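Subject: Handing over a structure

Dear colleague,

I am passing on the structure below, and after it I set out what was found when it was examined. Please read the notes with the structure open beside them.

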Amino acid sequence: MTALRPYLAIVGAVVAVALLAAAYIAGRHDGRAIANGKQAAVEKAVKAEREKRETAVAVTEAAGAAKETDRQEKVREIYRETNTVTERPVYRNLCVDADGVRLVERATAIANGDDPSGVAGAPGDAAAAAPQR
C-alpha cells in the first residue's frame with residue numbers, strides 16, 4: 001500500500017486541479033453571461049433613448065415646416081433689380097482721386113489761414129500745394 005500512496009497523491013492533485021479548472025471555467029462562463037445581460041440592458045436603454053430623441057426631432061421638424069408654410073403664406077417678398085452706373089473707377093493705385101486732392105489742398109489752405117482760391121497747380125502737386133509764408 002505504500003507503493004500506491006504517491007500515485008494516489010498525484011491522482012488526487014490532478015483531480016483537484018481539474019476541479020479548480022472546471023470551477024474557474026464555469027465562473028468565467030457565468031461572469032460572461034452576466035456581463036452580456038448587462039450590455040443588452042444598456043443597449044436596449046440606448047435604443048429607447050435614441051428613438052425618443054428621433055421622435056422629438058421629427059415633431060420639431062414638422063412644427064418648423066408648418067411655421068415656415070404659414071410665414072410664406074403671410075409674407076410676400078419683392079425682388080427688384082437696380083442698375084448702377086459708375087462714373088469714376090473706384091479701385092486704383094491712388095489713395096485719393098484728383099477731386100479729393102483739390103479738396104485736401106483747399107482744406108489745408110483754409111486751416112493755414114491762406115486764401116483757398118490762391119492754391120494753384122496740378123492736383124497732387126506737392127510743391128504748388130505748399131502754403132507760402
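The expected span of a helix is taken as 1.5 Å times one less than its number of residues. Helix H2 can be checked in this way, because at 1.5 Å a residue its 14 residues should span 20 Å, and the end C-alpha atoms of H2 are indeed 20 Å apart, which agrees.

Before going further, please keep in mind that this is a predicted model. The mean pLDDT of the chain is 82, and 80% of its residues reach 70 or more. Confidence is highest in helix H1, at a mean of 93, whereas it is lowest in helix H3, which covers residues 126-129, at a mean of 49.

As for the overall layout, the chain contains three helices and zero strands, and, when it is read along the sequence, it follows the pattern α-α-α. Of the 133 residues in the chain, 3% are buried. The accessible surface of the chain amounts to about 12,200 Å², and carbon and sulfur atoms account for 60% of that surface.

Helix H1 runs over residues 5-74, and two of the salt bridges described here belong to it. In the pair formed by Arg53 and Glu49, the closest N and O atoms are 2.9 Å apart, and the two residues are four residues apart in H1, about one turn of the helix. Arg53 counts as exposed because its relative accessibility is 56%, over the 50% cut-off, while Glu49, at 31% relative accessibility, counts as partly exposed.

Elsewhere in H1, the side chains of Arg71 and Glu68 meet in a salt bridge with an N to O distance of 2.8 Å, and these residues are three apart along the helix, again about one turn. Both ends of this pair are partly exposed, with a relative accessible area of 36% for Arg71 and of 34% for Glu68.

There is also a nonpolar patch on the surface, of about 560 Å², which is made by Leu4, Tyr7, Leu8, Ile10 and Val14. Val14, one of these residues, has its place in helix H1.

Turning to helix H2, which covers residues 98-111, both Asp99 and Arg102 lie in it, three residues apart, or about one turn of the helix. Their side chains meet in a salt bridge, at 2.8 Å from N to O. Asp99 is partly exposed, with a relative accessible area of 38%, and Arg102 is likewise partly exposed, with a relative accessible area of 44%. As for salt bridges that share partners, they join Glu49, Lys52 and Arg53 into one network. The structure holds four salt bridges in total.

Which residues of H2 are buried? They are Gly100, Val101, Glu105 and Ala109. Just after H2, the chain reaches Gly113, which takes a positive phi of about 85°.

If you have time for a single check against the model, the pairs in H1 and H2 may be a convenient place to begin, and the confidence values should be kept at hand while you read the region of helix H3, where the mean is 49.

With kind regards

Definitions and conventions. Residues numbered from 1 in each chain as written. Heavy atoms only, no water. Buried < 20%, exposed > 50% of the residue type's maximum accessible area, 1.4 Å probe, protein only. Patch = residues over 30% accessible without salt bridge, like charges linked within 9 Å, V, L, I, M, F, W, Y side chains within 5 Å. Areas by Shrake-Rupley, 256 points an atom, 1.4 Å probe, with all protein chains shown as cover. pLDDT = per-residue confidence, 0-100.
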